[in-house]
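The report below takes up one helix and one loop residue, and then turns to the confidence of the prediction.

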Amino acid sequence: MFSCDRTTQSASSSRAKRGICIFASAVLSLVLLSRVHAGFPAAPKRPRIFGIARVQILTSDISEGRSFYSKVLGQAGDCNWCEEVPGRSFLINWTQGIGLSEDASPTVSNRIEEITFATDHVDQLSRYLTENNIEVSGPREKDKRAGPFLSVVDPEGHRISFIQSLGVTARKPGYPLDSSPNNLRLIHAGFVVKDRAAEDKFYKDILGFHVYWHGGMKEGEDNWVDMQVPDGTDWIEYMLKVPDNATHKQLGVMNHIALGVPDIHAAQQQLIKNGWKGTEEPKIGRDGKWQLNLYDPDETRVELMEFKPTKEPCCSPYTGPHPGP
């Protein structure tokens with residue numbers, strides 16, 4: 001044996017032993033490092049987030065709200081997921097729904113009460129969020145029957161939930177959705193954002209959302225930023241630069257949901273057949289997609305939007321796949 005002490009040695013012997021010592025030191029460091037890691041579990045990975053599973057909307061009158069959404073969804077005779085009569089929930093397709101919660105308070109500025117996303121592993125997501133210092137709430141009593149479920153609150157107070165749903169794995173670009181009798185799909189939800197950097201830290205840095213498109217009323221400014229889920233085509237929309245003194249009507253326009261349709265004009269004709277009476281006509285938005293704005297009894301906007309653009313968008317190109325029927 002020999003030591004790695006610096007003693008007087010011949011030049012050749014010194015170089016050889018020095019090389020052996022360096023190698024031995026490196027091996028020892030790897031062994032110690034492996035032992036350290038063996039004692040601590042690896043940081044949890046973020047599970048997949050596929051898209052929007054459900055949106056809960058506040059309404060001042062359940063009967064009036066149900067009448068409106070029944071016409072929009074073409075379900076006047078149905079009562080999906082009814083907890084009581086009149087029904088408070090509607091299936092849009094086999095993997096998505098809209099729920100209504102009664103709240104007559106005139107002080108509620110955002111009537112989009114909750115947005116629920118589908119994930120493939122709620123427990124893993126809970127560990128991941130906790131590791132990233134996000135406070136997680138377990139399922140409420142009414143959510144337990146839906147399966148594994150958790151909720152968080154984003155930096156600006158929006159309630160965001162996640163439900164475990166393996167069936168939503170089919171909602172990938174280019175893969176057809178389960179058939180829907182009305183060809184509708186819930187493709188995005190929007191809400192007022194005051195601090196984009198704080199929201200980006202949550203949605204982009206932690207949850208893995210990415211910019212799908214961004215633009216504004218004028219070139220070079222952003223009023224809307226679409227943040228697409230990491231493992232699907234749905235998105236949330238930051239509604240930026242909304243004044244602090246915005247009216248109830250303006251807030252209803254900003255805090256909204258969007259239903260994707262294959263053909264906006266065909267959708268308009270079907271709405272009329274369903275008994276809907278509206279004042280707006282279809283138009284092409286700044287994002288290059290046909291759209292038609294509807295308003296529920298509390299002035300919350302329900303935007304019908306074609307899945308794909310028919311012209312080049314303003315302001316920025318699309319950076320992700322488009323949704324489809």
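## Helix H3 and its surroundings

In the predicted model, helix H3, which spans residues 122-131, has Val-122, Leu-125, Tyr-128 and Leu-129 as buried residues, where buried means under 20% relative accessible area with a 1.4 Å probe and protein chains only. Seen down the axis of H3, these buried residues fall within an arc of 120°, so they line one face of the helix; the arc is that of the directions from the helix axis to the C-beta atoms. Helices (H or I, at least four residues) and strands (E, at least two) are DSSP runs, numbered from the N terminus.

The elements against which the buried residues of H3 pack are tabulated here.

| Element | Residues |
|---|---|
| strand S4 | 112-119 |
| strand S5 | 149-153 |
| strand S6 | 159-164 |
| helix H4 | 196-206 |

After H3 comes Asn-133, which has a positive phi, near 65°.

## Asn-255

Asn-255 lies in the loop between helix H5 (248-254) and strand S11 (256-261), and it counts as buried because its relative accessibility is 3%. The side chain of Asn-255 reaches the backbone nitrogen of Val-192 at 3.0 Å.

## Confidence and conventions

The protein chain has a mean pLDDT of 84, with 76% of its residues at 70 or more; pLDDT is the predictor's confidence in each residue, from 0 to 100. Where pLDDT is low, the predicted coordinates should not be read in detail.

Residues are numbered from 1 along each chain as its sequence is written, and side-chain values use heavy atoms, with hydrogens and water left out. Because this is a predicted model, local features need pLDDT of at least 70 and side-chain atom pairs count only at pLDDT 80 or more, whereas totals for chains, interfaces and linings use all residues.

Notes
Buried < 20%, exposed > 50% of the residue type's maximum accessible area, 1.4 Å probe, protein only. Polar contact = N/O pair within 3.5 Å; in protein donor to acceptor, adjacent residues only side chain to side chain. Contact = heavy atoms within 4.5 Å.
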